[in-house]
Amino acid sequence: MDTNNDDSAAPVVLLVGSSGGHLAQLLALRPWYEERRRCWVTFDTPEAVSLLAGEDLVPAHHPTTRNVPNLLRNALLAWRVLRARRVAAVVTTGAGVAVPFVVLARLRRIPTVYIEVYDRIDTPTLTARLCRPFLSAMLVQWDEQRRQYPEATVVGTLL
């Protein structure tokens, strides 16, 4: 059942993540999101565009690491996307592109869920630290990650 093309007024889950590993971990959630209306926000790299063929895709500005102009562009993009769509929740694995979406969604009282990446076991990611005050839920993939995030729910590895 393809519910991604349902009525445009129906709420959507906004799946936000950088391309590469962050996107791969979001794609691993397919059993959860496949019956939901969704919209993806990621970079318009050839790999991401190929992996998300046929999906509702909003290209984000990159690079995001230490790039203030793209942070501001993505904040404007987040503002536009969150105003134009009825967003039920924002789900992200990071990285930098996630920050403006999480902050603005939370300010609009939209639930925000952050899934810490599987390869950061001993230290939290910068993106998780920045998003944490604005999260409705923090999910981790390893029990050991709860040392950094005692409030987190362990969901197991996605990949």
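This text walks through a predicted model, taking in a pocket, some backbone features and a surface patch.

The largest pocket has a volume of about 450 Å³. Its lining is made up of 20 residues, and those lying nearest the centre are Thr64, Thr65, Gly96, Leu126 and Thr127. Three helices, H4 (68-84), H5 (98-107) and H6, each contribute at least two residues to this lining. By residue class, the lining of the largest pocket divides into nine nonpolar, ten polar and one charged.

The backbone has two cis peptide bonds to look at. One runs from His62 to Pro63, with omega near 5°. Pro63 sits in the loop between strand S3 (57-60) and H4. The other cis bond joins Gly94 and Ala95, and its omega is about -5°. Here Gly94 belongs to the range given for strand S4 (87-94), while Ala95 is in the loop that connects S4 with H5.

Two arginines come next, each with a positive phi. Arg66 has phi near 55°, a positive value in a residue other than glycine. The loop between S3 and H4 holds Arg66, as it holds Pro63. Because its relative accessibility is 81%, Arg66 counts as exposed; the cut-off for that class is over 50%. Arg109 has phi near 65°, again positive in a residue that is not glycine. Its place is the loop between H5 and S5. Arg109 has a relative accessible area of 78%, so this residue is exposed as well.

Ala48 offers a view of the interior. This residue is found in helix H3, which covers residues 46-51. Its relative accessibility is 0%, and therefore Ala48 counts as buried; buried means under 20%. Ala48 and Leu23 are 25 residues apart in sequence, yet their C-alpha atoms are 7.6 Å apart in space.

The last stop is on the surface. Tyr118, Trp142 and Leu159 make a nonpolar patch of about 290 Å². Of these residues, Tyr118 can be placed in the loop between strand S5 (112-115) and helix H6 (126-131). With 34% relative accessibility, Tyr118 counts as partly exposed. That value still allows Tyr118 to be part of a patch, because patch residues need over 30% relative accessible area. Helix H6, at the far end of the loop that holds Tyr118, leads back to the starting point, as this helix supplies at least two residues of the lining of the largest pocket.

How values were computed:
Residues are numbered from 1 along each chain as its sequence is written. This is a predicted model: local features need pLDDT of at least 70, side-chain atom pairs count only at pLDDT 80 or more; totals for chains, interfaces and linings use all residues. Side-chain values use heavy atoms; hydrogens and water are left out. Patches are made of residues with over 30% relative accessible area and no salt bridge: like charges are joined within 9 Å, nonpolar side chains (Val, Leu, Ile, Met, Phe, Trp, Tyr) within 5 Å. Accessible areas come from the Shrake-Rupley method with a 1.4 Å probe; for residues, only the protein chains shown count as cover. A salt bridge is a side-chain nitrogen of Lys or Arg within 4 Å of a carboxyl oxygen of Asp or Glu. Helices (H or I, at least four residues) and strands (E, at least two) are DSSP runs, numbered from the N terminus. Buried means under 20% relative accessible area, exposed over 50%, partly exposed in between (1.4 Å probe, protein chains only). On a 1 Å grid over the protein atoms alone, a cavity is a set of points where a 1.4 Å probe fits but cannot get out, and a pocket is an open set with protein on both sides within 12 Å along at least five of seven lines; lining residues have an atom within 4 Å of a point. Grid points are joined across faces, edges and corners, and a volume is the space filled by probe spheres set on the points. Ala, Val, Leu, Ile, Met, Phe, Trp, Tyr, Cys and Pro count as nonpolar, Asp, Glu, Lys and Arg as charged, and the others, Gly among them, as polar.
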